[in-house]
Amino acid sequence: MSADLATLQGELRQIPFLQVDRYLFSHAFGDKTVVVPKEDIVSLLGYLKETKKYDFFVDLCGVDYPTRPQRFDVVYHLLNTTNGDRIRIKTQVGEGEGVDSIINLWRGADWFEREAYDMFGIRFNGHPNLRRILTHHQFKGHPLRKDYEANQQQSCTTTLPIHFDNEPGQPGNELNPKYVPLNIGPSHPAMHGTLRVMVELDGETIVRANCEIGYLHRCFEKMAETHPYQQVIPYTDRLNYCSAPMNNIGYCKTVEKILGVDIPPKAKAIRIILAELSRIMDHIIAIGTGGVDLGALSAFFHLFAYRERIYEIFEKLCGARLTVSLMRIGGVVNEPPPGWYDEILEFCRHMDKEIDEISRLLLDNKIFVKRTRGVLPVKAQDALAWGYTGPMLRASGVPLDLRKLTPYYGYEQLDFSVPVGSTGDIYDRYVVRIEEMRQSVKIVRQVCQNIPEGDYTIRDKSIVLPPKKEVYGNIEGLMNHFMLIMKGLRPPAGEVYDATESANGELGFYLVSDGSAAPYRLKVRPPCFAIYQSFPYVVRGGQIADAIATVASMNIIAGELDR
Amino acid sequence: MSETNQPNGSFSSANSSPVGSQAHNDWSRQFAFTTKLEEVVRWGRRNSLWPLAYGTACCGIELMSVMGPKYDLARFGAEVVRFSPRQSDLLIVAGTITEKMAPILLRIYRQMLEPKYVISMGVCASSGGFYRAYHVLQGIDRIIPVDVFIPGCPPTPEAVLDGVMLLQKMIKDGHPRPWKKNWRPPYEC
């Protein structure tokens, strides 16, 4: 046990209502874990939040161990936003049992608890809306249980009528005849792809709103459990497909953490370059489609021309444009082609000017400003309570950025700043994104000018496949290749959580390994999921047109929202 | 038609020849052509496809690139993207269709007016792709008739352009579409 945990244990013993004797403290792979009885969850988390300043609720998920009498683990991840310290709290519940909901401590736990219910059938006592969230309403069973077959489809033949969340004195499935119900999406002219928003309108004012998600739930977590570690990488591409390399990095970094390997400096540099280029690319889409939703179609065409240039850089490295799968556990996929860094530097030179142009196109546009400035702001404390991260949180004025708070890959040595907004309105979100693009260009330039010498990947034979030349050229290479493919990459049994700052915020991966060749459980903590659950409350009382502008500014990517 | 293909005389001289004569025929070809009505309609249809971009996932982003400045689907007469099924005749299903989404896709398809065509962009829409998973529809052809499948994950913009051109060729040739003719909605919605 680490000193930290020993101190914590001592402090917890002082509290009369906690059964600390039944707690299990452990420290493994750099993560602190406390296993507690389920009766203590709310009081312990409340204590950690108020006294120990683990003030940010990161993630909640279930894990299934069918052979155990208390079949399910409920896993909570908390973050201390002051010093970046993390802690994991676990509890065990049996079939049909429940654990108390923590929705009163953090509003942001709402959807996470619903997801655990949907995926595992774990009940959360006191949750007002414990219904399915990702799977469809005709679905039977709980798909992430180990006894549910991965490819057992259940067809859906109807859609749910308009419904809302239950509130005191107001059941969600009863519509108020005084107001006009309106369904927007999926596949609606004003709504992004797979999102569905339902509102009750008084004139143009939103009285109640709700969003239905899961229209792109393609079972990432189940797929990860049924594929070897290396083969999960292409699935991660398709989480936030607007910035695919960042998901690759987040996943590989997590697996590297459990393997205990440190990747070479050159791989780190390439990862930073790709991550920051992806951030630019992601913000381009967010800003471009945000403009389209407000009627500014020309900005979209301008921005896509810039995006194509980043695609070209990716294509030169690996041949693919959008879903690149550039990362490998232990490094990156290959040595960049000659002149690649110079091309990126050239791109940076152009991008500086072009970001100014984007900024003039939108932020100096009177209509754009009128539609966004002062519209439906989110206060900093609300943003934190909902679990906002990334540009959305920073627009509300909280300078939380994992690249600064818990730097990785040498971000601490780079010169860049974290832009923050002041009011948290829609305008600020775009200002922050545009400024972040400037900072990303700055980072890319610094890294490109100082590429470290050395290899682009580690050469551990039990982790990384040998180069093709070795495989076809000598027997040892062939055997290494064969062994790694047949036996698989096998990390030690255990669990880790690791997070990176992706374009939308904290992208976390919680990995449970049982020592086999495929993850036992891989939970993604997607930034969009936490952000989007606040939508019905953010737009309440606003105008219907502003709700459309809000969805666009939240940059909800269905791939990582629904997974 | 005779072999003699003399250059026509002046407007007045040809005009004076009797209707139905060779000279009159040749003269009329200067300003008119004959065809079948069906073919004119096909010509119009294939060059003014109005797509409904049913983008749900990664392919939707790549479809934006197809519409964007570099690849520019407008060059093939398909630039008027409509998000209303009533105003479009080409449904481009770009992205994974989940079981939850399936009834909505079916409804959108049924709301489109005839003649209507469907392009399935990417392997997810075509067969479920590498998502052999509990919540993913294993190919949209299980619920709606598909004219062109475009492979790729996601397909390159060039492949999408190729798919659109293939559909145009099918329209031009009046390719039979038994999948469409024999299609019945799998369920009411």
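## A hairpin in chain A

Let's start with one pair of tyrosines: A:Tyr497 has A:Tyr510 in β14(A) as its bridge partner. One more such pair is A:Val496, whose bridge partner in β14(A) is A:Leu511. Keep in mind throughout that this is a predicted model.

Both pairs belong to the ladder between β13(A) and β14(A), where 9 bridges join the two antiparallel strands. β14 covers residues 505–513 of chain A, and the turn is a short story to tell: β13(A) and β14(A) make a hairpin with 2 residues between them. How much of β13(A) is buried? Mostly all of it is covered, with 8 of its 9 residues counted as buried.

## The sheet around it

Zoom out a little and the hairpin sits in an open sheet of 3 strands, ordered β13-β14-β15 in chain A and paired antiparallel. The edges are β13 (494–502) and β15 (521–525) of chain A, each pairing on one side only. From one strand to the next, the twist averages 15 degrees. As a reminder, strands of a sheet pair through backbone hydrogen bonds, either parallel or antiparallel.

Which helix lies across β13 and β14 of chain A? That's α6 of chain A, residues 244–259, and it runs at about 150 degrees to β13(A).

## Two domains in chain A

The domain assignment splits chain A into domain 1 (3–125) and domain 2 (220–562). Their C-alpha centres are 28 Å apart, and the contact between them takes 21 residues from domain 1 of chain A and 22 residues from domain 2 of chain A.

On the domain 1 side, β3 (56–64), β4, β5 and α3 (109–120) of chain A each put in at least two residues. β3(A) gives the most to that side, with 6 residues.

## One side of α2

Helix α2 of chain A (residues 41–50) has a set of buried residues: A:Ile41, A:Leu44, A:Leu45 and A:Leu48. They span an arc of only 95 degrees around the axis, so they end up on the same side of α2(A).

What do the buried residues of α2(A) pack against? Their partners are strands of chain A, namely β4 (72–79), β5 (86–93) and β6 (98–100). Two of these names have come up already, since β4 and β5 of chain A also supply residues to the side of domain 1 that touches domain 2.

## The largest nonpolar core

Now for the big one: the largest nonpolar core has 218 residues. Within this core, the residues touching the most other members are B:Leu63, B:Ile92, B:Val93, B:Leu105, B:Ile119 and B:Met121. The largest share, though, comes from chain A, where helix α7 (residues 265–293) gives 14 residues. Why does the core lie between the two domains of chain A? Because domain 1 (3–125) and domain 2 (220–562) of chain A both give residues to it.

Take B:Leu105 as an example. Leaving out residues up to four places away in sequence, B:Leu105 touches B:Tyr54, B:Val93, B:Ile97, B:Ile140, B:Ile143 and B:Ile144. One of these, B:Val93, is also on the list of core residues that touch the most other members.

## Where the chains meet

The contact between the chains draws 39 residues from chain A and 36 residues from chain B. On the chain A side, α4 (220–225), α8 (297–318) and α20 (558–562) each supply at least two residues. Of that side, the largest share is from α8(A), with 4 residues.

Notes:
Residues numbered from 1 in each chain as written. Chains lettered and ligands numbered in written order. Predicted model: local features only at pLDDT ≥ 70, side-chain atom pairs only at ≥ 80, totals over all residues. Buried ≥ 20, exposed ≤ 12 C-beta atoms within 10 Å, placed from the backbone. Arc of directions from axis to C-beta. Contact = placed C-beta atoms within 7 Å. Core = buried A, V, L, I, M, F, W, Y, C linked by C-beta atoms within 7 Å. Domains from an automatic or database assignment. Pairing = 2+ DSSP bridges. Axes fitted to C-alpha atoms, helices over the stretch in contact; angles between N-to-C directions.
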